[in-house]
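Ready for a few warm-up exercises? Have a go at each one yourself before reading its solution.

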Amino acid sequence: MAPQVGVGVGVGVFVLNKQNRIILGERKGSLGAGTYSLAGGHLEAGESFEACAAREVLEETALEVEQLRFLTATNTINLADAKTGELRHYVTIFMVGRLSESSPVEPKLMEPDKCEGWAWISWDEMKAIGDAQLKAREGTGDKDEKALQIRLFEPIISLLKQRPGVSPV
């Protein structure tokens with residue numbers, strides 16, 4: 001009998017400002033340290049995707065989001081834990097939301113033990129970085145050294161690979 005393996009369920013949130021830019025933070029910790037990720041986190045038992053998205057964004061950035069909607073989901077297998085070397089399996093629910101009128105415009109670093117800081121980036125910039133990362137991994141095309149200076153968290157790479165036509169804007 002094969003060992004039972006749990007599958008994590010996370011929510012990643014494309015928080016859009018008035019210029020349709022997306023917030024990214026540099027991760028700290030064992031899962032994806034040094035990579036850039038959306039605000040988000042684990043789905044709690046009994047929690048809706050929308051509630052999880054709003055809660056995680058507020059906890060991590062002090063930003064309030066509204067008009068939350070489901071974008072897509074991805075399946076990331078073999079996400080490595082840097083501390084244990086253990087491979088993990090995650091389903092990531094991607095949501096899109098806009099800053100609410102009552103929200104601060106700039107994010108605050110609310111969890112400095114988990115994130116180095118937050119910055120705004122366009123979808124086209126994020127996509128170019130992810131595409132360069134995928135090409136480098138697959139050994140295809142010319143390497144875009146500038147784009148490769150930033151590494152995206154694996155669930156974002158899964159999004160670009162598994163759902164190439166999707167766009168949060």
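A residue counts as buried when its relative accessible area is under 20%. Keep in mind that this model is predicted.

**Exercise 1.** Work out whether C115 is buried or exposed, then explain why C52 does not form a disulfide.

*Solution.* Start with C115: its relative accessible area is 7%, so C115 is buried. C52 is buried too, at 0%. Next, look at the sulfurs. A disulfide needs two cysteine sulfur atoms within 2.5 Å. The sulfur of C52 has its closest cysteine sulfur in C115, 16 Å away, so that's too far for a bond. The structure ends up with 0 disulfides.

**Exercise 2.** Find where E56 sits and what E56 is in contact with, leaving aside neighbours within four places in sequence.

*Solution.* First, place E56: it belongs to helix 1, residues 49–61. Then check exposure: with a relative accessible area of 8%, E56 is buried. Finally, list the partners: G40, G41 and H42.

**Exercise 3.** Sort out how the rings of F14 and F94, and of F14 and W123, are arranged.

*Solution.* Count first: there are 3 aromatic pairs. Take F14 and F94: their centres are 6.0 Å apart and their planes sit at 35°, so this pair is tilted. F14 is in strand 1 and F94 in strand 6, so the pair ties together parts 80 residues apart in sequence. Now F14 and W123: with centres 5.7 Å apart and planes at 80°, that pair is edge-to-face. W123 is in helix 2, 109 residues from F14. Put together, F14, F94 and W123 make one aromatic cluster.

Methods
Residues numbered from 1 in each chain as written. Predicted model: local features only at pLDDT ≥ 70, side-chain atom pairs only at ≥ 80, totals over all residues. Heavy atoms only, no water. Buried < 20%, exposed > 50% of the residue type's maximum accessible area, 1.4 Å probe, protein only. Helix = DSSP H or I, 4+ residues; strand = E, 2+ residues; numbered from the N terminus. Contact = heavy atoms within 4.5 Å. Phe/Tyr/Trp six-rings, centres within 6.5 Å; stacked < 30°, edge-to-face > 60°.
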